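Student: I am new to this structure and would like a close look at one part of it. Could you walk me through the surroundings of a ligand?

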Amino acid sequence: MNAWANWDHVVKVDPDKALPEGVTYEDIRATGTDAIVVGGTTGMTEEKMRRVVEACGESDAPVYIEPSHSGAVVHSDRLDGYLVPVVFNAGDVAWITGAHKEWARIDPDIDWEHTTTEAYIVLNPEASVAEYTQADCDLEADEVAAYATVAERMFGQEIVYVEYSGTLGDPGIVGAARDALDEATLFYGGGVRDYDSAYRMAEQADVVIVGDLVHDEGIEAVEETVRGAKEAARVSR
Ligand SMILES: CC(C)=CCC/C(C)=C/CC/C(C)=C/CC/C(C)=C/COP(=O)(O)OP(=O)(O)O
Ligand SMILES: O=P(O)(O)OC[C@@H](O)CO
Ligand SMILES: [Mg+2]
């Protein structure tokens, strides 16, 4: 079984942003989160990625990188895997297959066994990821559900990621994606900042991803979101 089938909560660390003073990766692990994913859209370099992956060395958390381009990929024994975004509603095919083609062309060391794509549906037009990929964010619930179906049924995606980076999404839309999926794991990310928002999104999605909060507020706030996500998962099981 894929590791993420058992996850409820993930912390996404942006290598382009600092952690609050004194916060370590072990502290992040100790919040009870299930994994650390390292990624972001802007300012991503191999060196910044490597720094974070190495700093995770001290903790026993599962660590995955989520590269935003081939130049941000680092290979390390510390990594549990590589989560590679494919933006299903991108306006430019570079973010669907183009960047991936270039990666396959230039990187002889791709660890296919530990590489999984994530079928992103990007829904916050204000986020850098939406701007970069020229995503069509103006989607109704049935269109989001249809993208989820296409991802799972036609493209065999194991992870569908409803991405509202920077703002809390519409639970109805997230639920529509969930209802469309059979086997795939539904990730939700965006604007989760406390117990209630984590709980609400974990009622809809399988895994709640918390990003900016760890940089802006630190460990206690993240802990609250872990509690919210885990409680909602427990109740709905
Ligand atoms: C071929 C390889 C290795 C990679 C290509 C991967 C693709 C298609 C990336 C597209 C952009 C993307 C989906 C990046 C993933 C991480 C993500 C969504 C981060 C959230 O970014 P924002 O919060 O919008 O941006 P900042 O936090 O950096 O401002
Ligand atoms: O930074 P936030 O808004 O928590 O978003 C999390 C994640 O989905 C970003 O890719
Ligand atoms: Mg961000």
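Student: Which residue has a backbone N or O atom 2.8 Å from an oxygen atom of ligand 2?

Tutor: Happy to help! That residue is G166. This is a predicted model, where local features need pLDDT of at least 70 and side-chain atom pairs pLDDT 80 or more, while totals for chains, interfaces and linings use all residues. Residues are numbered from 1 along each chain as written, chains are lettered from A and ligands numbered from 1 in written order, and side-chain values use heavy atoms, without hydrogens or water.

G191 also offers a backbone N or O atom, 2.9 Å from an oxygen of ligand 2, and Y161 brings a polar side-chain atom to 2.7 Å from a ligand oxygen (polar contacts pair N or O atoms within 3.5 Å). On its own, ligand 2 has 310 Å² of accessible area (Shrake-Rupley, 1.4 Å probe), and the protein covers 92% of that.

Around ligand 2 (heavy atoms within 4 Å) we also find E163, S165, G189 and G190, among others. The unreviewed UniProt entry includes E163, S165 and G166 in its "binding site" annotation, which may be inferred rather than shown by experiment.

E163 belongs to strand β6, residues 159–163 (a DSSP E run of at least two residues). E163 counts as buried because its relative accessibility is 8%, whereas S165, at 29%, is partly exposed (buried is under 20%, exposed over 50%, partly exposed in between). S165 sits in the loop between β6 and α6. Beyond four places in sequence, E163 has contacts (heavy atoms within 4.5 Å) including K12, N124, G189 and G190; S165 touches N124, A127, G189 and G190.

Definitions and conventions:
Helices (H or I, at least four residues) and strands (E, at least two) are DSSP runs, numbered from the N terminus. Buried means under 20% relative accessible area, exposed over 50%, partly exposed in between (1.4 Å probe, protein chains only). A polar contact is a pair of N or O atoms within 3.5 Å; within protein, one must be able to donate a hydrogen and the other to accept it, and residues adjacent in sequence count only if both atoms are side-chain atoms.
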